[in-house]
Amino acid sequence: MKKTLFILLILTISISVKAQGIEEKIDSLISRMTLDEKIGQLNQLSYDNIDSNITSQVENGNVGCILNELDAKIINAIQKVAVEKSRLHIPIVFARDVIHGFKTIFPIPLGQAASWNTKVAENGARVAAIEASSVGIRWTFAPMMDVTRDPRWGRVAESCGEDPYLTTAMSSAMIKGFQGDDLAEATSIAACAKHFAAYGFTESGKDYNTTHITERELHDVVLPPFKAAANMGCSTFMCSFNDIDGIPSSGNRHLLTDILRDQWGYDGVLDSDWASIQQMITWGFSEDLYQAAVQAMNAGVDMDMESYAFVQHLPEALANGDVKLADVDEAVRRILRLKFRLGLFDNPYVEVSDDSKFYLPNSLEQAKEAAIEGAVLLKNDGILPLQNVSSVAVVGPLADSGADQVGTWCFDAEPEHSVTPLMAIRDLCGRDTEVIYEAGLTYSRDTNEDEMMKAVESAKKADVILFFAGEEAVLSGEARCRADISLPGAQSQMLDELKKTGKPVVMIVMAGRPLTIGAEVELADATLYAFHGGTMAGPALADLLFGKAVPSGKLPISFPKMVGQVPVYYAHPNTGRPAENITLINEIPVGAKQTSLGFTSYFLDAGDGPLFPFGYGKSYTTFSYGDVKLSANTMAMDGSLTISCEVTNTGSYDGKEVVQLYIRDKAGSVVRPVKELKGFQKLFFKKGETKTVSFQLSASDLAFTHSDMEKYAEPGEFSVWIASDSQSGTPVVFDLK
């Protein structure tokens with residue numbers, strides 16, 4: 001024990017000495033830098049937009065970071081100028097959006113979150129880092145940790161859903177995967193916590209829009225994943241495009257300095273988003289680019305991505321006294337610190353090798369496993385898994401679309417490497433089962449009825465119909481917001497025609513967001529929601545459909561019945577009149593008096609609650625939950641409690657179950673949600689196996705932000721559930737004293 005403590009002490013001292021050494025080197029560099037060289041470090045440019053004098057700009061120390069160059073030889077050539085010809089030999093850091101894969105594409109982040117398996121997220125980021133770093137990329141702008149409750153927002157695809165606890169767990173795992181055990185290791189890349197902050201709460205789900213959010217909701221719902229990222233050493237943060245209460249993020253000193261720097265003590269780089277400094281003029285917050293540069297620097301932004309505000313206007317702003325040199329020096333310090341931590345001063349070049357890191361067998365296997373674990377079984381009338389079928393019809397616009405299955409925001413994906421569902425099903429079935437293929441609709445928005453009916457006729461020949469529906473990849477992601485989130489094109493009509501054949505229909509949905517598919521789920525005999533599953537989506541779905549794998553995904557976001565319900569989320573306040581005695585619009589007698597409707601909180605045409613709740617997902621097997629047991633009936637204000645429950649696999653398949661822990665603060669000094677996720681475990685059960693699943697809950701887990709903006713727990717009565725989703729389970733009660 002003493003030896004272990006001694007080793008830990010030596011390691012701690014070593015890390016401290018190393019950090020101290022880096023700071024001394026940074027001090028030395030800053031003391032020798034000209035003003036132009038300092039401001040140059042704050043300048044982030046895209047290679048696509050760089051003119052022919054890039055070599056002279058780099059040699060003069062006018063560039064700190066270059067985006068979007070992927071040729072290792074070009075990267076090395078530019079780096080050679082920086083480290084061998086520039087006056088102070090400061091390396092460039094090369095960056096790229098590597099969101100859910102570089103070449104081997106994993107499911108979209110929302111699909112990874114549906115796995116409720118942090119190892120899936122970590123593995124996906126690690127594979128992406130290994131692939132991207134092999135061409136010289138050492139900084140990515142991921143993970144996106146915006147909590148969002150609006151499926152209309154295109155960037156919901158990049159999120160981990162509606163819950164701060166799940167988002168924190170999954171995005172923290174991504175950071176770990178990107179950055180590895182040592183940031184200076186050649187296969188590690190700097191992660192970026194984005195978008196800071198409240199971008200997922202943009203009004204009406206429109207990108208780049210305004211945000212209305214209370215300070216308390218900001219601290220309790222939006223900021224927890226970011227605070228966790230700061231605490232675990234995420235290398236960089238990125239500003240969001242939105243404003244909060246009239247202040248755009250890139251000029252929001254309260255957010256960027258008071259909270260991020262002063263309260264959290266964050267010492268990493270804070271980057272603007274693409275031209276977000278310049279866009280403060282369009283917002284009407286800045287008169288011109290000069291003022292935007294001043295506001296951004298004074299707010300705490302370190303690096304200017306593609307606005308050219310700092311390089312053009314900081315010298316004048318310093319001369320006028322509108323910006324302090326100490327703030328510029330501090331921004332430079334943080335950027336140099338990133339480069340030292342990445343090891344770029346010691347190893348600036350990327351090794352050019354014929355030994356490709358792309359599509360390695362282990363990477364593909366992990367991508368397939370991620371797609372398996374992130375698929376959510378929403379309905380099954382007993383048709384799945386497919387057994388003893390002599391023929392299957394594979395139809396629909398997503399059945400053989402390698403480009404669409406990888407999803408949004410993967411610039412470097414190569415669709416020719418995608419293994420589509422059609423390809424995988426043919427491979428799996430071999431000669432034993434006939435595979436009849438007719439797309440019917442060539443893309444998700446297609447309305448060609450002739451081709452659709454041709455597919456329906458072909459499907460009549462099969463024992464089972466597999467209908468691959470959803471969205472094209474281009475319909476979700478940045479600037480891809482939808483007011484109508486139903487299945488586009490003639491897909492619903494096609495499903496209706498397929499159902500008329502009398503054959504069992506399995507609907508597999510591949511999409512970048514929750515869709516309003518209540519009617520379609522009702523028609524289908526089974527529904528598997530696969531999101532956009534990446535390079536290996538096809539083999540994953542084939543295994544799930546034919547029983548080689550068992551579904552275990554759970555929804556990371558509530559699915560609305562109608563878009564008019566949005567936002568619909570599980571952790572809502574109860575209101576003074578929660579829904580009860582619901583009367584739907586078709587049940588109202590003609591001429592009925594107003595008082596006949598009950599006066600509770602619901603929609604006449606949608607009732608109350610979602611189509612499918614947060615945390616929901618079925619399996620081929622079944623699980624039963626025993627009574628929840630507490631280690632004590634009271635918890636001290638500085639104490640903890642063990643909550644446990646027996647969970648049994650009561651079905652006929654081995655399978656995984658996501659066991660979820662929820663709490664409710666029955667009464668608080670501010671209104672509390674009806675439920676809050678406070679823990680989860682994804683566990684494997686053999687058929688018939690029983691496990692005791694335990695969670696440790698501390699008083700700090702019960703804390704919330706009060707009217708004085710202080711965060712602490714209040715004494716009182718709490719309900720606690722261990723359940724399979726946010727709408728099931730029987731609570732037990734304990735007191736916090």
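Over residues 657-726, the chain is 0% helix and 57% strand, and the C-alpha atoms at the two ends lie 14 Å apart. Helices here (H or I, at least four residues) and strands (E, at least two) are DSSP runs, numbered from the N terminus. An unreviewed UniProt entry annotates residues 657-726 as "domain: Fibronectin type III-like". UniProt positions are given in the numbering used here, feature names are shortened, and such annotations may be inferred rather than shown by experiment.

Before I continue, a word on the basis of these values. This is a predicted model, in which local features need pLDDT of at least 70 and side-chain atom pairs count only at pLDDT 80 or more, while totals for chains, interfaces and linings use all residues. Residues are numbered from 1 along each chain as its sequence is written, and side-chain values use heavy atoms, with hydrogens and water left out.

Ser726 ends the annotated range. This residue lies in the loop between strand E26 (716-723) and strand E27 (732-736). Ser726 counts as buried because its relative accessibility is 5%; buried means under 20% relative accessible area, exposed over 50%, and partly exposed in between, with a 1.4 Å probe and protein chains only. Leaving aside neighbours within four places in sequence, Ser726 is in contact with Tyr570, Pro613, Phe614, Gln660, Tyr662 and Lys675, where contact means heavy atoms within 4.5 Å.

Tyr570, Phe614 and Tyr662 appear again in a cluster linked by ring pairs, together with Trp116, Tyr165 and Phe680. Rings of Phe, Tyr and Trp (its six-membered ring) pair if their centres lie within 6.5 Å; planes under 30 degrees apart count as stacked, over 60 as edge-to-face and the rest as tilted. How many aromatic pairs does a search of the whole structure find? The search finds 23. One of them joins Tyr529 and Phe531 edge-to-face, at 5.1 Å centre to centre with 70° between the planes. Tyr529 and Phe531 are both buried.

A further pair is formed by Phe623 and Phe685, whose ring centres are 5.4 Å apart and whose planes stand at 65°, so this pair is edge-to-face. It links distant parts of the chain, with Phe623 in strand E17 (residues 623-625) and Phe685 in strand E22 (residues 676-685), 62 residues apart. Phe623 and Phe685 are both buried.

Rings also meet charges. A charge sits over a ring if NZ of Lys or CZ of Arg is within 6 Å of the ring centre and within 35 degrees of the ring normal. Arg672 lies over the face of Phe704, 4.1 Å from the ring centre, and Lys103 lies over the face of Phe102 at 5.5 Å.

Let me turn to Ser644, in strand E20 (residues 640-649). Is Ser644 buried or exposed? With a relative accessibility of 16%, Ser644 counts as buried. Beyond neighbours within four places in sequence, its contacts are Asp627, Val628, Lys629, Thr692, Val693, Ser694 and Ile722. Ser644 and Leu630 are 14 residues apart in sequence, with 6.5 Å between their C-alpha atoms.

The next topic is salt bridges, each defined as a side-chain nitrogen of Lys or Arg within 4 Å of a carboxyl oxygen of Asp or Glu. The structure holds 37 of these. Lys38 forms one with Asp329, the closest N and O atoms being 2.8 Å apart. That pair links distant parts of the chain: Lys38 belongs to helix H2 (residues 35-41) and Asp329 to helix H14 (residues 325-341), 291 residues apart. Lys38 is buried at 8% relative accessibility, and Asp329 is buried with a relative accessible area of 19%.

Arg155 and Glu158 also meet in a salt bridge, at 2.8 Å from N to O, and both residues are buried. In the salt bridge of Asp381 and Lys379, the N to O distance is 3.9 Å. Asp381 counts as exposed at 55% relative accessibility, whereas Lys379 counts as buried at 15%. A network of salt bridges includes Glu23, Asp27, Arg261 and Glu330 among its members.

I close with helix H12 (residues 289-299), which is mostly covered, nine of its eleven residues being buried. Among them are Leu289, Tyr290, Val294 and Met297. Which helices do the buried residues of H12 pack against? They pack against helix H10 (253-263), helix H11 (279-283), helix H13 (309-320) and H14.
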